[in-house]
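Welcome, and take a moment to turn the structure around before reading on. The paragraphs below walk through it one region at a time.

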Amino acid sequence: MSQYFLSLCILVLCITYCAAADYYKVLGVHREASDADIRKAYKKLSKKYHPDKNSEEGAKEKFVEIAHAYEILSDSTRRQIYDRHGEEGLKAHEGGQQHANPFDMFANFFGGHHHADQVRKGPTSLTEFEVSLADMYTGASIDFVIKKKILCDHCRGSGAASDSDIHTCSSCGGSGIKVVRQQIWPGMFAQSQTSCSECGGRGRIIARKCPHCGGAKILDHTQHYTLEVERGMPEGHEVVFEGEGDENPDWEPGDVILRVRSKREQGGWRRKESSLYWKQVIGIDEALLGFERNLTHLDGHIVTLKRQGVTQPGFVQIIKGEGMPVWQESKFGDLFVEYTVVLPTEISPELRHKLTDAFHRHGRGKDEL
Ligand SMILES: [Zn+2]
Ligand SMILES: [Zn+2]
């Protein structure tokens, strides 16, 4: 009697323990996670803990647990029940229905490839991405969107209405290949292999197509991303968003690469590596007598341009430390200010008189020396 009681206790404990495993925690996502986040988490974790790859103790249990969590959370109806009524609610809903085989699930998810190492990689996309020079000077976070293909949320890329609608092709026995044996001479046969026409070489036949994607397996999706522009990032620097390319059941998504450049702004700042160039226009009076001017830098701070005496047209003043930040370092390049002198289009008779006087007197003085 007491023994029976004890085993009952253990059973109860076990049930409580099993129920306590939070599916969200298993996948490492928050409760508001999107379908894409959940899929991504499953993709990452299931590969990490797949017993083919991970021989650590408990990896298989973890793999099964991950598969189960994904099975529930990737299905909007079951997820809703789980959110509202927990594990118990799910049990009541499903009435003891068996869980999907975690290995089949994995195989379906990765398009029939059991070994993650053998999965082909999809195309990588490279996009030229222009940002303002000011963003490169200060650093910035820039949001952008990418239109891409994702695996259908409903069928997880199988194209079938449910897992039970995927049948092994009876024509080729699931191999996707048919061996044709031809007698070319009495007693002599030639064998050739062809792709199975019944299943298109896939080895599987789908009885009922997924209603969500119509069997296409993939859907159009607009995904939001943030590009972190680092201070002083080199022109043409490539920022890689790993595995964010088009999804497809036949491959592992490729990368999205952004090649970042600063926009060429007319008449404004120019950059070459960590040097900045600025063209400053001054009047003839400033060119002759000297001046002090305020230049507003890319981040809004003021640089004082100061010259005493004569400034020749085309003169370049070097201002140390006012160039671009040096990427991943805490120093700055230099600023090169080139001066252009503008002459007035006409001068008044009065000014003409004064200038003649000034230049002539000055000239005579020179002659006398
Ligand atoms: Zn076939
Ligand atoms: Zn679908």
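Two strands are said to pair if DSSP finds at least two bridges between them. Strand S11 and strand S15 (residues 335-342) meet that description well, since eight bridges join them, and the two run parallel. To find one of these bridges in the picture, look for Ile282, whose bridge partner in S15 is Val341. Keep in mind throughout that this is a predicted model.

S11, which covers residues 275-283, also pairs with strand S10 (residues 270-272). Here the sense is antiparallel, and there are three bridges. Lys272 stands opposite Ser275 in S11. The hairpin formed by S10 and S11 has two residues between its strands, and one of them, Glu273, takes a positive phi near 50°.

Just ahead of this hairpin in sequence is a loop worth a visit. Gly268 sits in the loop between strand S9 (256-262) and S10. Is Gly268 buried, exposed or partly exposed? Its relative accessible area is 23%, so Gly268 counts as partly exposed, because the buried class ends at 20% and the exposed class starts over 50%. Setting aside neighbours within four places in sequence, Gly268 is in contact with Tyr277 and Trp278. The C-alpha atoms of Gly268 and Lys279 are 7.6 Å from each other, although 11 residues separate the two along the chain.

Now step back and look at the chain as a whole. It has nine helices and 15 strands. Of its 369 residues, 37% are buried. Among contacts with a separation of 6 or more, 65% join residues that are 24 or more positions apart. The exposed surface of the chain comes to about 23,300 Å², and 52% of that is supplied by carbon and sulfur atoms.

Next come the metal ions. Which residues hold the zinc ion (ligand 1) as protein donors? They are Cys169, Cys172, Cys196 and Cys199, each through its SG atom, at 2.2 to 2.3 Å from the ion. Along the chain these donors follow the spacing C-x2-C-x23-C-x2-C. Why is the arrangement around the zinc ion (ligand 1) called tetrahedral? The four donor atoms subtend angles of 101 to 116°, and four donors count as tetrahedral because all their angles lie between 85 and 135 degrees. For comparison, the ideal angle for four tetrahedral donors is 109.5 degrees. Two of the cysteines can also be described by their accessibility: Cys169 is buried at 2% relative accessible area, and Cys172 is buried at 13%.

The zinc ion (ligand 2) has its own set of protein donors: the SG atoms of Cys152, Cys155, Cys210 and Cys213, lying 2.2 to 2.3 Å from the ion. The angles among these four donor atoms are 104 to 115°, and the site is tetrahedral. In sequence, the donor residues are spaced C-x2-C-x54-C-x2-C. Cys210 and Cys213 are both buried.

Let us turn to strand S2 (residues 140-151), where Lys148 is found. Is Lys148 buried or exposed? Lys148 has a relative accessibility of 4% and therefore counts as buried, since the class takes in values under 20%. Its side chain makes a polar contact of 3.1 Å with the side chain of Glu244. Not counting residues up to four places away in sequence, Lys148 touches several others, including Leu219, His221, Tyr225 and Asp246.

Two further loops round off the walk. Arg156 lies in the loop between S2 and strand S3 (166-168). Arg156 has a positive phi of about 55° although it is not a glycine. With 13% relative accessibility, Arg156 counts as buried. Gln328, in the loop between strand S14 (316-319) and S15, also is not a glycine, yet has a positive phi of about 60°. Where Arg156 is buried, Gln328 is exposed, with a relative accessible area of 59%. From Gln328 the chain leads on towards S15, the strand that runs parallel to S11.

How values were computed. Residues are numbered from 1 along each chain as its sequence is written. Chains are lettered from A and ligands numbered from 1 in the order in which they are written. This is a predicted model: local features need pLDDT of at least 70, side-chain atom pairs count only at pLDDT 80 or more; totals for chains, interfaces and linings use all residues. Side-chain values use heavy atoms; hydrogens and water are left out. Helices (H or I, at least four residues) and strands (E, at least two) are DSSP runs, numbered from the N terminus. Buried means under 20% relative accessible area, exposed over 50%, partly exposed in between (1.4 Å probe, protein chains only). Contact means heavy atoms within 4.5 Å. Accessible areas come from the Shrake-Rupley method with a 1.4 Å probe; for residues, only the protein chains shown count as cover. Donors are N, O and S atoms within 2.8 Å of the metal (3.2 Å for Na, K and Ca); water is not among the atoms, so sites may look incomplete. Four donors count as tetrahedral if all angles lie between 85 and 135 degrees; four count as square planar and six as octahedral if opposite donors are over 155 degrees apart and all others between 65 and 115; anything else is irregular. A polar contact is a pair of N or O atoms within 3.5 Å; within protein, one must be able to donate a hydrogen and the other to accept it, and residues adjacent in sequence count only if both atoms are side-chain atoms.
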